[in-house]
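Biologist: Can we walk through this chain together? I'd like short answers, please.

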Amino acid sequence: PFFSVVCSSWTCTMAECCTDATFLWGTLTSTAGFGSRAGHCTAVLNDQLFVVGGYTQANILSSATADVWTSRDALSWTRATTSAGFTARFWHSCVVLSSQLLMIGEIGSAAWRDRV
C-alpha cells in the first residue's frame, strides 16, 4: 500500500511534519491496482507517479514484470502498459533527468545488467 504522512490527525507536507517530532502513517489505499510487488522502482515525472517493473511472487524470476503503472494522486492507478518495450526486470532504479524517466541497472533472466 501507499502511505501518506499524517501529523496530529491531519495530512501535511513533509516540511510541516518535520517540525513535529511525531510521525503517524496512514494508508492511502490498500487496492492500488498493481498488487503486491517488490524490487520495482518508483519516480515522479510531470506530477505523475510511475511504478515500473518489479516482481509479484516469491519465485522472483518467473514473476518479474515489464509493466508500468501511473497515478496522479496515489489512490487511482492506471496500467499504462503490460509490456513497456524492455525485458521483465527488478531491483533497478528510476530517476528523472531532463524531463525523462530513466531506469538504471536491473536483474532480469537471472543476470545482472548495467544498462541505462
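Biologist: Let's start with T70. Is T70 buried or exposed?

Modeller: T70 counts as buried, because its relative accessibility is 10%. Buried means under 20% relative accessible area, exposed means over 50%, and partly exposed lies in between, with a 1.4 Å probe and protein chains only.

Biologist: What kind of model is this, and how are residues numbered?

Modeller: This is a predicted model: local features need pLDDT of at least 70, side-chain atom pairs count only at pLDDT 80 or more, and totals for chains, interfaces and linings use all residues. Residues are numbered from 1 along each chain as its sequence is written, and side-chain values use heavy atoms, with hydrogens and water left out.

Biologist: Where does T70 sit?

Modeller: T70 is in strand β6, residues 68–71. Strands (E, at least two residues) and helices (H or I, at least four) are DSSP runs, numbered from the N terminus.

Biologist: Which residues does T70 touch?

Modeller: Not counting residues up to four places away in sequence, T70 touches Q48, L49, F50, S76, W77, T78 and A80. Contact means heavy atoms within 4.5 Å.

Biologist: Pick Q48 from that list. What joins the side chains of T70 and Q48?

Modeller: A polar contact of 3.2 Å joins them. That term means a pair of N or O atoms within 3.5 Å; within protein, one must be able to donate a hydrogen and the other to accept it, and residues adjacent in sequence count only if both atoms are side-chain atoms. The C-alpha atoms of T70 and Q48 are separated by 6.5 Å, and the two residues are 22 apart along the chain.

Biologist: Why does Q48 count as buried?

Modeller: Q48 counts as buried because its relative accessibility is 17%. Q48 is found in strand β5.

Biologist: With which side chain does the side chain of Q48 make a polar contact, besides T70?

Modeller: R72, at 3.2 Å. Leaving aside neighbours within four places in sequence, Q48 is in contact with A43, T70, S71 and R72.

Biologist: Now the sheet. In what order do its strands come?

Modeller: The order is β4-β5-β6-β7, four strands in an open sheet with antiparallel pairing. β4 (41–45) and β7 (78–81) stand at the edges with a single partner strand each, so one side of each is left without a neighbour in the sheet. On average, neighbouring strands of this sheet are turned by 30 degrees against each other, direction ignored. Two strands pair if DSSP finds at least two bridges between them.

Biologist: How many bridges join β5 to β6?

Modeller: Four, and the two strands run antiparallel. One pair there is F50 with its bridge partner T70 in β6.

Biologist: And how many bridges pair β4 with β5?

Modeller: Five, again in the antiparallel sense. A43 has F50 as its bridge partner in β5, while T42 has V51. β4 and β5 form a hairpin with two residues between them. N46 in the turn has a positive phi of about 55 degrees.

Biologist: Which way do the residues of β5 point?

Modeller: Q48, F50 and V52 point one way, L49 and V51 the other way, and all are buried. In a regular strand the side chains alternate between the two faces of the sheet.

Biologist: Which residues make up the largest nonpolar core?

Modeller: Ten residues: C41, A43, L45, F50, V52, A66, V68, F86, C94 and M103. A nonpolar core is a set of buried Ala, Val, Leu, Ile, Met, Phe, Trp, Tyr and Cys residues joined through side-chain atoms within 4.5 Å. β4 gives the most to the largest core, with three residues. There is also a second, separate core of seven residues, including F34, L49, V51 and W69.

Biologist: Take F86. What is F86 in contact with?

Modeller: Setting aside neighbours within four places in sequence, F86 is in contact with V52, A66, D67, V68 and M103.

Biologist: Last topic, the whole chain. How many helices and strands does the chain have?

Modeller: One helix and eleven strands. Of the 116 residues in the chain, 38% are buried.

How values were computed
Axes are lines fitted to C-alpha atoms, for helices over the stretch in contact, and angles run from 0 to 180 degrees between N-to-C directions.
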